[in-house]
Amino acid sequence: MTPFEQELKRALARQQPSADFTERLFARIEEEQAAAPVRWWQRIAQWPAQTIWALAPVCVLILLTSGTMLYTQHRRAVQGEHAKQQLLLALRITSNKLQATQRQVNEVESERQPNQKDNIRRLL
Amino acid sequence: MKAIILSCGLLLGSLPALIRADDIKLPASLDHLAEHATESVDVTLDQSMLQLASKFLSNDDPDQVKAKKLVGKLKGIYVRSFEFDKEGQYSKADVEAIRSQLKSPQWSRIVGVKSIKGENSEVYVQKNADQFLGLVVIATEPKELTIVHIDGPISPDELSELSGQMGIPKIMKDKAKSKDSKQNEEE
């Protein structure tokens, strides 16, 4: 056995814990639990039942109000999107009709110009 | 003195009604046309709906930015468009109901085109000094009827600005300069 192996064997040899190990361990656990911050729900859970029942309607009211607000917001968004589509459609139709009118005017003008030229020729 | 105050009060009170008297009403008979139409479009956007719609227009799309600028001042946009599968589904009376409202001095027809094919177009504007306060387009074809009413201040430049996807041509700008020169051109 080499000196390194002997050293390793010595280091890894089984050792018994001290007599007060268990006590010290539980004491440490209790210390840490006492030092840990109390969460908000843990605090609420510690409230008296009367207080919790008194606050229940308020919570329901808050939930209903926020629900109504969200629904109204959603409905308004749907209405707005519909109105936008309607607006774009209206502008597109207006555009198409004005373009068609312009095309017709251009056609009339182009038809008229040769006639005017003919009239001028006749006069000359 | 009391009588003067009372009459002034009455006059002021009736002012909104007098202003509204110039409004164009799309006749209810148009709504019945939808029953016979193969395709129909009914757009009714009052000021509040236009404001709502403009909030939903994109700030990235240049056309929508222009549209937002345009509709910001408008009081309403009303469109009725019908396509039929056969001719004679709408009567002259349907169109005349609109036309008769445009005979008031505030309105002037700046374009009126009639074609042999029966494709007729009329463009009316409501003018106040150098500003247009409204626009009505009546486009009739044997199987199609379209009426557009844009209520509110709109300049020819603004209309021509929407020349992108919307494709509104510069007709209004050109025609406004030669107002009434084209009137009754083909009649």
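Tutor: A helix here is a DSSP run of H or I with at least four residues, a strand is a run of E with at least two, and both are numbered from the N terminus. That covers α4(A), which gives the largest share of the lining of the largest pocket, eight residues. The model is predicted: local features need pLDDT of at least 70 and side-chain atom pairs 80 or more, while totals for chains, interfaces and linings use all residues. Residues are numbered from 1 along each chain, chains are lettered from A and ligands numbered from 1 as written, and side-chain values use heavy atoms, without hydrogens and water.

Student: What makes the largest pocket a pocket?

Tutor: It is an open set of points on a 1 Å grid over the protein atoms alone, where a 1.4 Å probe fits with protein on both sides within 12 Å along at least five of seven lines. The volume, the space filled by probe spheres on those points, is about 420 Å³.

Student: Which residues line the largest pocket, and which are closest to its centre?

Tutor: A lining residue needs an atom within 4 Å of a point, and 23 residues line this pocket. Closest to its centre are Gln104(A), Glu107(A), Val113(B), Ser115(B) and Glu119(B). Two or more residues each come from α4 (49–123) of chain A and from β4 (120–128), β5 (131–141) and β6 (144–154) of chain B.

Student: And what about the second largest pocket?

Tutor: That pocket has a volume of about 330 Å³. Among its 16 lining residues, Lys92(B), Arg99(B), Lys114(B), Asn120(B) and Thr140(B) lie nearest the centre. The largest share, four residues, belongs to α5(B).

Student: How do you know that Lys97(A) and Glu144(B) form a salt bridge?

Tutor: The rule wants a side-chain nitrogen of Lys or Arg within 4 Å of a carboxyl oxygen of Asp or Glu. Lys97(A) and Glu144(B) come in at 2.7 Å, N to O, so the pair qualifies. The count between chain B and chain A is one salt bridge, while the structure holds 10 over all chains.

Student: Why does Arg80(B) with Asp42(B) get that label too?

Tutor: Their closest N and O atoms are 2.9 Å apart, so the pair passes that test as well. Arg80(B) sits in strand β2 (residues 76–83) and Asp42(B) in strand β1 (residues 39–46) of chain B, so the bridge ties together parts 38 residues apart in sequence.

Student: How many residues do chain B and chain A put in contact?

Tutor: With contact meaning heavy atoms within 4.5 Å, 46 residues of chain B meet 27 residues of chain A. The buried area, meaning the accessible area (1.4 Å probe) lost on being put together, summed over both parts, is about 3000 Å², with 71% from carbon and sulfur atoms.

Methods
Buried area is the accessible area (1.4 Å probe) that two parts lose on being put together, summed over both.
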